[in-house]
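Let's read a model together, one feature at a time. Keep the sequence and the structure open while we talk.

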Amino acid sequence: GAPLVIAIDGPAASGKGTLAKRLAAHFGLPHLDTGLLYRAVALALIDAGTDLGDEAAAARAAAALSAEGLNDPRLRERAMGEAASRVSSVPQVRAALLSWQQRFAGGPEGAVLDGRDIGTVVCPDARVKLFITATPEERARRRHRELAGRGEAAAPEAILADIRARDARDSSRTAAPLKAAADAVVLDTTDLDADAAFAEALALVIRLG
Ligand code: C5P
């Protein structure tokens with residue numbers, strides 16, 4: 001049959017990235033964390049000293065994006081998620097990154113992509129669509145642990161505020177807002193640890209794919 005494409009969407013710190021990585025390893029599929037593309041556009045503007053609100057510059061940065069640029073460790077910093085969320089509302093940025101993502105997903109071996117609009121916009125025909133959620137409080141706890149593990153200390157209240165702000169911005173924008181595709185299966189991981197969430201996701205992929 002057609003190559004297996006797995007679309008994984010969900011809000012910030014829902015665990016979708018970890019699940020995507022583990023599913024990709026399990027099935028031997030290439031994996032793209034699409035948030036990195038938006039983070040890389042934001043980082044390009046920051047490095048150039050350009051205002052994040054400069055939409056034309058953001059669109060140019062998106063069109064010029066290279067695969068090597070996605071390995072910069074600064075992309076994982078907390079401030080970059082916030083900056084990425086700002087440039088991601090620019091329609092020309094989304095359009096430039098759309099073809100990038102669709103080329104990746106269209107490869108002969110299939111793919112796993114995770115983001116906000118994979119099941120709705122990037123890969124509407126994906127065989128498997130998962131929408132990963134967890135309460136904002138649980139997501140804030142996870143993000144706090146993850147940042148602490150990398151030596152980036154942050155107050156838990158500040159992280160929760162970040163997450164709420166990002167949810168609001170990502171869900172309310174007009175260009176490809178965060179929402180579950182009509183044919184996505186919703187997996188709430190609030191009460192699941194990483195292994196239990198993976199087991200559930202794997203069972204869903206086997207059932208749907
Ligand atoms: O997933 P991550 O936190 O790295 O994404 C950073 C930001 O990039 C998100 O808050 C969102 O605004 C944007 N994004 C998006 N569409 C995607 C992936 C990320 O708009 N497919």
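**Reading the model, feature by feature**

A: Let's start with one lysine and build outward: Lys16 sits in helix H1.

Q: Before we go on, what is the mean pLDDT of the chain?

A: This is a predicted model, so confidence comes first. The mean pLDDT of the chain is 95, and 100% of its residues reach 70 or more. For the complex, the predictor gives an ipTM of 0.98 and a pTM of 0.94.

Q: And why does pLDDT matter for reading coordinates?

A: Where pLDDT is low, the predicted coordinates should not be read in detail.

Q: Back to the lysine, then. Is Lys16 buried or exposed?

A: The idea is to count C-beta atoms around a residue, and 20 or more within 10 Å makes it buried. Lys16 has 28 other C-beta atoms within 10 Å, so Lys16 is buried.

Q: Which residues does Lys16 touch?

A: Skip anything up to four places away in sequence, and you are left with Ile8, Asp9, Gly10, Asp114 and Ile132.

Q: Gly10 is on that list. Where does Gly10 lie?

A: Gly10 is in the loop between strand S1 (5-9) and helix H1 (16-27). Gly10 counts as buried because it has 28 C-beta neighbours inside 10 Å. Leaving out neighbours within four places in sequence, Gly10 is in contact with Lys16, Phe131, Ile132 and Thr133. Ile132 turns up among the contacts of Lys16 and among those of Gly10.

Q: What does UniProt list for "binding site"?

A: Take a record like this as a pointer for where to look. The UniProt entry, which is unreviewed, lists Gly10, Pro11, Ala12, Ala13, Ser14, Gly15, Lys16, Gly17 and Thr18 under that heading.

Q: Ala13 is in that UniProt list. What is phi of Ala13 near?

A: Here you look for a positive phi in a residue other than glycine. For Ala13, phi is near 60°. Ala13 is placed in the loop between S1 and H1, and with 24 C-beta neighbours inside 10 Å it counts as buried.

Q: What about Ala176: what is its phi near?

A: Ala176 has a positive phi near 45°, again in a residue other than glycine. You'll find Ala176 in the loop between H8 and strand S5 (185-188). With 20 C-beta neighbours inside 10 Å, Ala176 counts as buried, and 20 is exactly where the buried class begins.

Q: Let's try a whole helix. Which residues of helix H3 are buried?

A: With a helix, pick out the buried residues, then look down the axis. In H3 (residues 55-63) the buried ones are Ala58, Ala61 and Ala62. Seen down the axis, they fall within an arc of 100°, so they line one face of the helix.

Q: What covers the buried residues of H3?

A: The cover includes helix H2 (35-47), helix H4 (78-87) and helix H5 (91-105).

Q: H5 is one of those. Is Ala95 buried or partly exposed?

A: Ala95 lies in H5 and is partly exposed, with 14 other C-beta atoms within 10 Å. Leu98 is in H5 too, and with 17 other C-beta atoms within 10 Å, Leu98 is partly exposed.

Q: How far apart in space are Ala95 and Ala48?

A: For such pairs, set the separation in sequence beside the distance in space. Ala95 and Ala48 are 47 residues apart in sequence and 22 Å apart, C-alpha to C-alpha. Leu98 and Ala126 are 28 residues apart along the chain, with 15 Å between their C-alpha atoms. Glu137 and Ile163 are 26 residues apart in sequence and 8.9 Å apart in space, C-alpha to C-alpha. Glu137 is in helix H7 (residues 136-149) and counts as exposed, having 12 C-beta neighbours inside 10 Å.

Q: Now the ligand. Which residues come nearest to it?

A: Start with the shell, then ask which elements supply it. Of the 14 residues around the ligand, Gly35, Tyr38, Ser85, Ser88 and Gly115 come nearest. H2, H4 and helix H8 (156-172) each supply at least two residues of the shell. By class, the shell has three nonpolar, six polar and five charged residues.

Q: Last one: where does UniProt place the domain feature?

A: The unreviewed UniProt entry puts "domain: Cytidylate kinase" at residues 6-203. Over that range the chain is 53% helix and 11% strand, and the end C-alpha atoms are 13 Å apart.

Notes. Residues numbered from 1 in each chain as written. Predicted model: local features only at pLDDT ≥ 70, side-chain atom pairs only at ≥ 80, totals over all residues. Helix = DSSP H or I, 4+ residues; strand = E, 2+ residues; numbered from the N terminus. Arc of directions from axis to C-beta. Contact = placed C-beta atoms within 7 Å. UniProt positions renumbered as here; feature names shortened; annotations may be inferred. pLDDT = per-residue confidence, 0-100. Near = placed C-beta within 6 Å. Nonpolar A, V, L, I, M, F, W, Y, C, P; charged D, E, K, R; others polar.
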